[in-house]
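Visitor: I would like a close look at a single part of this model, the open sheet and what packs on it. Please take me through it step by step.

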Amino acid sequence: MNIRLIEAQDADPQQEARNQLARAAALAVLDTLNPPEALDTVGYHSAGATLVVGSRADALPLADRLAAAVPVTVLLLDEGDDVPAPSLRIYPVFQARALVLSGWLGAFEATWQVAGRAPEHARFDLVADLGAAPQIGAHQRPHGYFAPGPGIAARARELDALADELLEMVGDFEKPKYFQYKERLCAHSRNQRTGCNACIAICSAEAISSAGDLVKVNPYLCAGCGACTTVCPTGALAYAYPSAEHTGRRVQAMLNAYLEAGGSDPVLLFHGAPGAALLVGMERDGQALPARVLPVGLHHAASTGIDVWLAALAWGAAGVAVLTTDEEAPQYVVALDRQMAVVQEAMAGLGYAGPHVQLVRAGSVPELALALAHAPRGAAPARRAGFHLARDKRDSLEYALDHLYRHAPVQPDEVALAPGSPFGALAVDGAACSLCMSCVGACPAHALQDGQGLPQLRFIEKNCVQCGLCADTCPEDAITLVPRLSFLPTRKQPVVLAETQPFHCIRCSKPFGTVRMIEAMLARLSGHPAFAGNLDRMRMCGDCRVVDMMAPQDEMTIGEARELRRR
């Protein structure tokens, strides 16, 4: 999304002074909040066994520095026969090819081929990859994996620093478990039909994989960027350290302190460690941060999304900016851009003058200063919200959207959104739908429901995350996604999307299906040899069908009696 930047406006000196004091109050309030606590931790054990991969020129000098302290194995990737003789080294050296490497600190696995020999396999605690292309291509490298690239032996200072860094990674270590996974909410797959792959596609550490209907997150590879929780439409993946509630308390406290101190048009600038370095560079270069910009440090810039941003706007923020640099994975930038498009569409649809969001992509201090001079100055609701972020992501979104709608300049029944948005309705072709209810079984958000004894398909719009599993599962292709934000009271209530008359058993008259479903079954099975002369059994309930099948052959079945009457 390309948001048109507002031309920088001449600042009122008195208001600028008030904004400066207000920002100081907002930053000071952060010191009064308790830090987050990790609910769970992930442990690593490294005995120091190190694999060094690369050319002779690079790998052997590093191995020589490490061999006196830790076990070392060297895999040479360049061709040649000048491998040092065994008597001249205290570590094994192999001329390797077809290397496959995976794992993390304390648990790396390597398989390689040596000419004329069977494949070798070994486990290592640490890896120094000095090859031209990294063996592990993930943007976010696993702990214990170092890939400074080739030519490091010529840079003696870097070689010594790498050796020291590897030796420091011997011992026991732990980190927070950054995520929580609620399986019941996951929209990844149902019945071998794929719905949502957002978390798998965005993870720069390649820590998330498909596990049938669910996903599996490897806590040892997870780097805590939080992008998976940002794009998760249901909240199945939630940021546990720090939690969204903790981030919400920080943001809310900052905005309250800033506005109560007389500040105006506050803009939250979310940033990670690379962004923090740019902000320090601004101060060092004498570039003043606009007084109304409130920096909010995060573990990673991609760890917040529409739930936090919409809540911030409901709490009185004039805008939300997210600072990214060249260090963030490119898929994170794309995802943040899409999330901001949803926010801007919602705010514009409600009549709030904008823009309200800004994705800042800066690689230098001048670029950052220019972008922040044009920070968003969107209209805020007349009354600030008082809710807190909930543990459930969808609940937080409901709180924020309800407040923004109640105080909006325009109150439409609905706001159209782009395809792929996490809100919307369903259009069902009533003539095609057989009410087989396969869509109900596939829906992970309980947005689709059966008629509770009636031949009806019901839908609760506020629960729908537009994962598409229902449309993909429907055997009649009767379902179409309709991305939108509805503000009608009916969005929280079950509405009937399709219904038909019940079908009654031809033997006992008990209702057991729908007319459309039975007709569809008969049409499909009429030519099947297994049902020749027995199609009437498809018109019976389960109990009567068994009775009819078990009737003695010398007794006339219902089907035979019906045929006799036809004659």
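**The open sheet**

Guide: In this predicted model, strand 19, which covers residues 319–324, is joined to strand 20 by five bridges, and the two run parallel. Within this pairing, V320 is placed opposite V357 of strand 20. The pair belongs to an open sheet of four strands, whose order is 18-17-19-20 and whose pairing is parallel. Strand 18 (293–297) and strand 20 (357–361) occupy the edges, and because each has a single partner strand, one side of each is left without a neighbour in the sheet. Taken on average and with direction ignored, neighbouring strands of this sheet are turned by 25° against each other. Helix 6, formed by residues 244–260, packs on the sheet, where it touches strand 17 (267–271) as well as strand 18, and the direction of helix 6 makes about 160° with that of strand 18.

For context outside the sheet, one may turn to a hairpin and to the cysteines. Strand 14 (residues 208–211) and strand 15 (residues 214–217) run antiparallel and are joined by four bridges, with I208 opposite V217 of strand 15. Two residues lie between the strands of this hairpin, in which G212 takes a positive phi near 75°. As for the cysteines, the structure holds zero disulfides; C232 is in none, since the nearest cysteine sulfur, that of C196, is 6.3 Å away, whereas a disulfide requires sulfur atoms within 2.5 Å. C232 counts as buried, at 9% relative accessibility. The sulfur of C544 lies 3.6 Å from the closest cysteine sulfur, in C541, which is too far for a bond, and C544 is buried, with a relative accessible area of 9%.

Key:
Residues are numbered from 1 along each chain as its sequence is written. This is a predicted model: local features need pLDDT of at least 70, side-chain atom pairs count only at pLDDT 80 or more; totals for chains, interfaces and linings use all residues. Side-chain values use heavy atoms; hydrogens and water are left out. Two strands pair if DSSP finds at least two bridges between them. Axes are lines fitted to C-alpha atoms, for helices over the stretch in contact, and angles run from 0 to 180 degrees between N-to-C directions. Contact means heavy atoms within 4.5 Å. Buried means under 20% relative accessible area, exposed over 50%, partly exposed in between (1.4 Å probe, protein chains only).
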